[in-house]
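Visitor: I'd like a close look at one part of this chain, down at the level of single residues. Could you walk me through it and then show how it sits with the rest?

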Amino acid sequence: MMAQPSVLFVFIIKIIALIKSSPLVRSVCLHEVLTFYNEENDGACEFYKEMFTNVFIKNEDAKRCQINCSIKSLDPLYKDMDAYKKYEIEELKIVFLSTTYTFILEKQCPDYPNKNVYVTINCEGKYLQDRGIGESCVNDNQCVNVNVNSTCDETTQLCQCKSGHLYLWENKTCSPVQELGEMCYDSRQCKWMNPYSMCNNENECECQRGYVKLNNSCMPERRLNETCEDDLQCSMVTTNSTCNKITKLCTCNEGHLQMMNMCVHDA
């Protein structure tokens with residue numbers, strides 16, 4: 001049965017009014033939104049309706065945008081925003097369609113007396129992929145899916161290894177840096193903490209040849225008359241030698257004489 005003309009006319013009027021008042025049809029560029037959000041000079045912490053319009057409503061670069069979005073919800077409504085009042089983004093929710101990614105950004109703004117704005121945008125999910133070290137990202141999950149010990153740097157927006165880890169390009173992994181005596185599989189894990197260490201055949205970090213372990217550091221071995229800090233530096237090279245507490249030089253122990261590069265008993 002056909003709808004009555006008056007009912008159909010009212011229905012069409014309502015749809016037109018909804019389209020005109022709804023921001024969902026607006027194209028928003030994710031890059032522009034994040035640039036605005038992360039701007040150092042106030043940016044999302046203090047803005048007028050005109051600035052919000054330029055970023056979220058009248059996006060002139062939409063055709064060149066890699067990730068297009070649209071506003072799903074806005075509080076307060078755009079039509080209710082005062083052109084002469086200052087606002088700040090309290091929460092920005094980014095939903096990537098056709099994926100499981102939803103990011104909620106909460107801006108830590110100074111204590112301005114500005115009205116809070118809550119924005120949710122839907123973005124195309126086809127461009128959101130797992131990212132390797134050095135590749136652009138918007139969230140930790142993109143990086144972690146490739147390297148468990150990685151994170152998305154908030155400043156550079158690039159995937160990088162977490163603190164305490166280094167990138168081994170051969171196997172493209174973020175491996176933990178290790179101290180002397182800890183397990184390893186690559187010498188670079190050891191050298192990050194101690195430049196003169198190595199990963200031995202037992203897969204443990206140890207001091208490389210010519211160095212001795214002192215207070216979890218690798219100190220150079222010393223010959224007689226060379227500067228030293230600890231007895232072990234001297235005795236590892238020359239038996240019956242010690243580090244003189246006054247001169248800080250490797251010398252023979254009491255009761256021993258230096259002969260060539262050796263310390264022999266004083267007959």
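Visitor: Take C243 to start with: does C243 count as buried or exposed, and what is its relative accessibility?

Guide: Keep in mind that this is a predicted model. C243 has a relative accessibility of 4%, under the 20% cut-off, so C243 counts as buried. Its partner is C228: a disulfide joins the two, with 2.1 Å from S to S. The torsion about that S-S bond is 95°, and the link is right-handed. Along the chain, C228 and C243 are 15 residues apart, and the pair links distant parts: C228 is in the loop between β13 (217–220) and α6 (231–235), while C243 belongs to strand β14 (residues 241–243). C228, at 6% relative accessibility, counts as buried too.

Now step along to α6, the helix that follows the C228 loop. Here you meet another disulfide, the one that joins C234 to C250 with an S to S distance of 2.0 Å. The torsion about the S-S bond of this pair is about -80°, so this disulfide is left-handed. C234 lies in helix α6 and C250 in strand β15 (residues 250–252), so the bond ties together parts that are 16 residues apart in sequence. Both C234 and C250 are buried.

On the other side of the C228 loop is β13, and that strand has a partner of its own. Strand β12 (residues 211–214) runs antiparallel to β13, and four bridges join them. If you want one pair to click on, V212 has M219 in β13 as its bridge partner. The two strands make a hairpin with two residues between them, and N215 takes a positive phi there, near 50°. So much for this neighbourhood in the sequence.

For a comparison from another stretch of the chain, try C69 and C123. They form a disulfide as well, with their sulfur atoms 2.0 Å apart. The S-S torsion is about 100°, so this disulfide is right-handed. C69 sits in strand β2 (residues 68–75) and C123 in strand β5 (residues 115–123), and this pair links distant parts of the chain, 54 residues apart. C69 is buried, with a relative accessible area of 5%, and C123 counts as buried at 1% relative accessibility.

Strands β2 and β5 also turn up in the packing of helix α3. That helix covers residues 49–57, and its buried residues are K49, F52, T53, V55, F56 and I57. These buried residues pack against β2 and β5, and also against β1 (28–29) and α2 (30–37). As for the spacing, an α-helix has 3.6 residues a turn, so residues three or four places apart point the same way. You can check that against K49, F52 and F56, which are among the buried residues of α3.

Zooming out, a search of the whole structure finds 11 disulfides. The protein chain has six helices and 17 strands. Of its 267 residues, 34% are buried. Looking at contacts with a separation of 6 or more, 47% come from residues 24 or more positions apart. The accessible surface comes to about 17400 Å², and carbon and sulfur atoms account for 51% of it.

Methods. Residues are numbered from 1 along each chain as its sequence is written. This is a predicted model: local features need pLDDT of at least 70, side-chain atom pairs count only at pLDDT 80 or more; totals for chains, interfaces and linings use all residues. Side-chain values use heavy atoms; hydrogens and water are left out. A disulfide is a pair of cysteine sulfur atoms within 2.5 Å. Buried means under 20% relative accessible area, exposed over 50%, partly exposed in between (1.4 Å probe, protein chains only). Contact means heavy atoms within 4.5 Å. Accessible areas come from the Shrake-Rupley method with a 1.4 Å probe; for residues, only the protein chains shown count as cover. Two strands pair if DSSP finds at least two bridges between them.
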